[in-house]
Structure formats: C-alpha cells, structure tokens
Amino acid sequence: MEVLKVREFLSVQQVSKLIGCSRQTVYELINSGKLHAVNLKEKKTIVRRSDIDRLFDRPFVRTPKKEPQPVSEFYTAKEIEEKYFVKYGRLNSIIKENDIPKTVHNGKLLVSKPHIDRYFKQTRSDVSSIIDWYTVEEIQHKYSISRDQIYGRVYDNNIPKQRVGKYVKISKRHFDELFEIGV
C-alpha cells in the first residue's frame, strides 16, 4: 500500500485499492468527470496521483432527498382500460413492475394519474387520436412479411398498437411511414 502512495501514475485497480472502493466506482468517478484519467492503448486507464488528491480537496455536498409528494389525482382501473386500451390483468402487471402508487376506495382500484400517464407516454404515443388501424393479417397480406417481422418493426419503432378482443390492431399511418422511408 505504501508503494501506491508514492507512485505518480496508477491503474484503475491500484486507485481502487488506494482509496478503498471498487473498480466500478473508480470508473464512475472517471465517467462523471470527477476524476481525470487517460486511456492508453484502449485497455489501460491511467490516473495521476495528484488528480486523486484533488478529488478529496473538493467540499462534500450532500444533495437533499426529495420528499415524495402525496398523490392527489387518480384514475379508476376502468378509465385506464378505456384510455390506454389495456386489460385489467396487464394493468396490474404494469403497476407492480413500475411501483406505481395505488389504493382501493369503496372497492374500486384507484391508480396515480401522473404515474400512469408518464408510463404510457414513455411506452407509446397517445392512441386516442388514431383512427385507422391494421390487423396483423392485413399487414402480412399488403407487405408480404411475417408476423415476427411485423412485431419486430412495431417494437423497434415504437409504433402504437392496441388489443381489441383477441386481435392486435397496429396504427396504419405509423406502419405505412416505415415503408415510405424504407425501414
């Protein structure tokens, strides 16, 4: 350990031993710009000892944790099903997987409106304004592509879709745009 303290240049592993942290933490410091380093031959990262010392010269600033705001707006499960075309079982999975706040009032499931809106905004565009829809069979016939190719394109390009009964409907406009640009 004493040898590391006098060396001018150190590897990431040596830095982690010197300051008592993992190599991953050292890489995080480098990637965040808090610790300066140089890459040699793509595989060797070197840190100057004086840069490590400067790292500890900075004052420690603890960022205060945000207090969670109470949820005041809720959707009923029925409202979510109608707005986002999602079945009750899938809705429960979404709530669990994403830790979305929920409650039960008078026997009805109430789900945080801002959390659900944020989830569906990230996963798909608003489908309420879409009028024309393809079935998977219609796309297969029109473009002569397989079911797997259709779902691959829908997933890769975040094309809006909805389940209606046992059928999946895919936005005509969004899917046709793929072929106009040659995807």
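How many residues apart are E177 and R173 in helix α10? The two residues are 4 positions apart in that helix, which means that about one helical turn separates them. This pair is one detail of a predicted model, and the paragraphs below lead from the whole chain down to such details.

Consider the chain as a whole. It contains 10 helices and 9 strands. Its C-alpha trace extends over about 70 × 50 × 20 Å along the principal axes. The radius of gyration is 26 Å, whereas a compact globule of 183 residues would have a value near 16 Å. Of the 183 residues, 31% count as buried. Among the contacts with a separation of 6 or more, 51% are made by residues that stand 24 or more positions apart in the chain.

The surface and the charges may be described next. The accessible surface amounts to about 13,500 Å², and carbon and sulfur atoms supply 50% of it. There are 35 positive and 24 negative side chains in the chain, and 4 Å lies between the centres of the two sets.

Helix α10, where E177 and R173 are found, covers residues 172-180. Within this helix, H174, F175, D176 and L178 are buried. Several elements contribute to the cover over the buried residues of α10, including the strands β7 (133-135) and β9 (167-171) and the helices α8 (136-143) and α9 (147-156). E177, by contrast with these buried residues, is partly exposed, because its relative accessibility is 34%.

Side chains of opposite charge can pair when their charged atoms come close. In this model the count of salt bridges comes to 6. One of them joins E177 to R173, with the closest N and O atoms 3.4 Å apart.

Helix α4, made up of residues 49-55, offers two further examples. In one, D53 is bridged to R49, and their closest N and O atoms are 3.1 Å apart. These two residues lie 4 positions apart in α4, about one turn of the helix. In the other, D51 is bridged to R54, with 2.6 Å between the closest N and O atoms. D51 and R54 are 3 residues apart in α4, so about one helical turn separates them as well.

Which of these residues in α4 are buried, and which are partly exposed? D51 is buried, because its relative accessible area is 7%, and a residue counts as buried under 20%. Its partner R54 has a relative accessibility of 46% and is therefore partly exposed. D53, at 35% relative accessibility, is likewise partly exposed.

The loops hold two residues with a particular backbone angle. N106 lies in the loop between β5 (102-105) and β6 (108-112). Its phi is positive, about 50°, although N106 is not a glycine. N106 counts as exposed because its relative accessibility is 71%, and the exposed class begins over 50%. S144 occupies the loop between α8 and α9. S144 also has a positive phi, near 55°, and is a residue other than glycine. With a relative accessibility of 65%, S144 therefore counts as exposed.

The helices on either side of S144, α8 and α9, lead back to α10, since both are among the elements that cover its buried residues.

Definitions and conventions: Residues numbered from 1 in each chain as written. Predicted model: local features only at pLDDT ≥ 70, side-chain atom pairs only at ≥ 80, totals over all residues. Heavy atoms only, no water. Rg over C-alpha atoms; globule rule 2.2 N^0.38 Å. Buried < 20%, exposed > 50% of the residue type's maximum accessible area, 1.4 Å probe, protein only. Contact = heavy atoms within 4.5 Å. Areas by Shrake-Rupley, 256 points an atom, 1.4 Å probe, with all protein chains shown as cover. Lys, Arg positive; Asp, Glu negative; His and termini not counted. Charge placed at Lys NZ, Arg CZ, Asp CG, Glu CD. Salt bridge = Lys/Arg side-chain N within 4 Å of Asp/Glu carboxyl O.
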